[in-house]
Amino acid sequence: MIIDLPSTTTSALNKKLVEIREQGGQVALGRVLTLVIVADDDAHLEEAIEAANGASREHPSRVIVVAKGARTAAPRIDGQIRVGGDAGASEVIVLRLYGALAAQGQSAVVPLLLPDAPIVCWWPGPGPKDPDKDPLGELAQRRITDSAAEKNPVKALTTRAKAYTEGDTDLAWTRLTHWRAQLVSALDLPPYEKITAATVTGEADSPSTELLAAWLAEYLKVPVKRVKSSGAAGIISVTLDRRSGPVELHRPDGRVGTLTQPGQPTRRIALQRRSTQDCLVEELRRLDPDEVYEAALHGLGKITSGTNGKTGAPPKADVTSPAAAAGSAASGASAASGAKK
């Protein structure tokens, strides 16, 4: 059911929500959090709402959509309430803000927040450089951006890395969960030799490729080369060098990866690019800070470019086996909420 309330107020929206609950005989809300979606009122808005509806089947939520309309229009709020089949396991409140109100999202959202429920803020498109300093981001315990949606994805990622605050995360990181899990699993197989260097190849403007290289650099403590390619989208391959031969995970088509390493049979692995809904579901499972993501951000400054051949002096590895080197990474692969991918 979709109910439109043109030129409305937040008070009128709250009153209508109570009326809908009373008519439906609903006694308790049963919502575990409030998800605030901040986006422009464009063709991609419905895609974000659909992803939130799908995620709500695992995380029943009140979804508040702040859709910024034309700044030159007369100030007004066009409200919309979606319940039932049009809202998944949630109730969706769409606020289309026009004119000067487009910059007043916080004032419009606060009266509609669920009491005593965690708040997650998600920017499915271009987001703020410092999410924690954004008026809506200030309300949230978790702040989800997506560097892949930015005009310059890699630059946006590095900018947010400098402004990182506990509770920040990025869907470019969440898209790496399966890659990280496969690499850690590969290092748990013989021969148990230390990694001496790594190479990560991917699309030039893929923030997920940057984060994967940074994660390896941070946890393996070895030189990591980031090679830019225009041959395919997102991450293409990862090579981990060892004395007996490299571990290689190669995914040229964006769907199926091939894992090869000495002494082990070649394996084909499902590495389909993850949907936005899948990534959002994973992020909503945890509301505490993601320490592994934070560590990966620190590793961004340790990777080198493969386009100019300058790798610098290799730092001394401080691990005795690949499994030990990935110890922290293994816990991160299973617990981390981790495209142009």
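## Surface and overall make-up

The chain exposes about 14,600 Å² in this predicted model, and carbon and sulfur atoms supply 51% of that area. Of the 341 residues in the chain, 52% are buried. The secondary structure comes to 11 helices and 15 strands, and the sections below take up a sheet, a nonpolar core and several charged pairs.

## An open sheet of strands

An open sheet is formed by 8 strands, which follow one another in the order β1-β4-β5-β3-β2-β6-β7-β8, with mixed pairing. At the edges stand β1 (2-5) and β8 (168-170), and because each has a single partner strand, one side of each is left without a neighbour in the sheet. From one strand to the next, the twist averages 20°.

The pairing of the edge strand β1 can be followed in detail: β1 runs antiparallel to strand β4 (residues 76-82), and the two are joined over 4 bridges. Within this pair of strands, I2 stands opposite R82 in β4. In general, strands of a sheet pair through backbone hydrogen bonds, and the sense may be either parallel or antiparallel.

## The largest nonpolar core

In soluble globular proteins, nonpolar side chains tend to be buried together. Here the largest nonpolar core has 39 residues, and those with the most contacts inside it are L212, W215, L216, V224 and L240. Two or more residues each come from α5 (171-174), α6, β9, α7 (207-220), β11, β12 and α9 (291-298), and among these elements α7 gives the most, with 9 residues.

What does L240 touch, once residues up to four places away in sequence are left out? The contacts of L240 are then with L183, L187, I195, A197, A198, L216, L220, P246 and V247. One of these, L216, is itself listed among the residues with the most contacts inside the core.

## Charged pairs across the chain

Side chains of opposite charge can pair when their charged atoms come close. The model holds 23 salt bridges, one of which joins D41 to R96, with the closest N and O atoms 3.2 Å apart. This pair links distant parts of the chain, since D41 lies in the loop between β2 (33-40) and α2 (45-56) while R96 lies in strand β5 (residues 91-98), 55 residues apart. The two partners are covered to differing degrees: D41 counts as partly exposed, at 29% relative accessibility, whereas R96 is buried, with a relative accessible area of 18%.

A further salt bridge brings together the side chains of R142 and E283, at 2.5 Å from N to O. Because R142 lies in strand β7 (residues 142-145) and E283 in helix α8 (residues 276-283), the pair ties together parts that are 141 residues apart in sequence. Both R142 and E283 are buried.

## A loop-to-loop pair and a network

The side chains of R243 and E193 also meet in a salt bridge, with 3.5 Å from N to O. R243 lies in the loop between β11 (235-241) and β12 (247-250) and E193 in the loop between α6 (177-187) and β9 (197-203), so this bridge ties together parts that are 50 residues apart in sequence. Is each partner buried or exposed? R243 counts as exposed, at 75% relative accessibility, while E193 counts as buried, at 13%.

Salt bridges also link a group of residues into a network, whose members are D130, D132, K133, R143 and D168.

How values were computed:
Residues are numbered from 1 along each chain as its sequence is written. This is a predicted model: local features need pLDDT of at least 70, side-chain atom pairs count only at pLDDT 80 or more; totals for chains, interfaces and linings use all residues. Side-chain values use heavy atoms; hydrogens and water are left out. A salt bridge is a side-chain nitrogen of Lys or Arg within 4 Å of a carboxyl oxygen of Asp or Glu. Buried means under 20% relative accessible area, exposed over 50%, partly exposed in between (1.4 Å probe, protein chains only). Two strands pair if DSSP finds at least two bridges between them. Axes are lines fitted to C-alpha atoms, for helices over the stretch in contact, and angles run from 0 to 180 degrees between N-to-C directions. A nonpolar core is a set of buried Ala, Val, Leu, Ile, Met, Phe, Trp, Tyr and Cys residues joined through side-chain atoms within 4.5 Å. Contact means heavy atoms within 4.5 Å. Accessible areas come from the Shrake-Rupley method with a 1.4 Å probe; for residues, only the protein chains shown count as cover.
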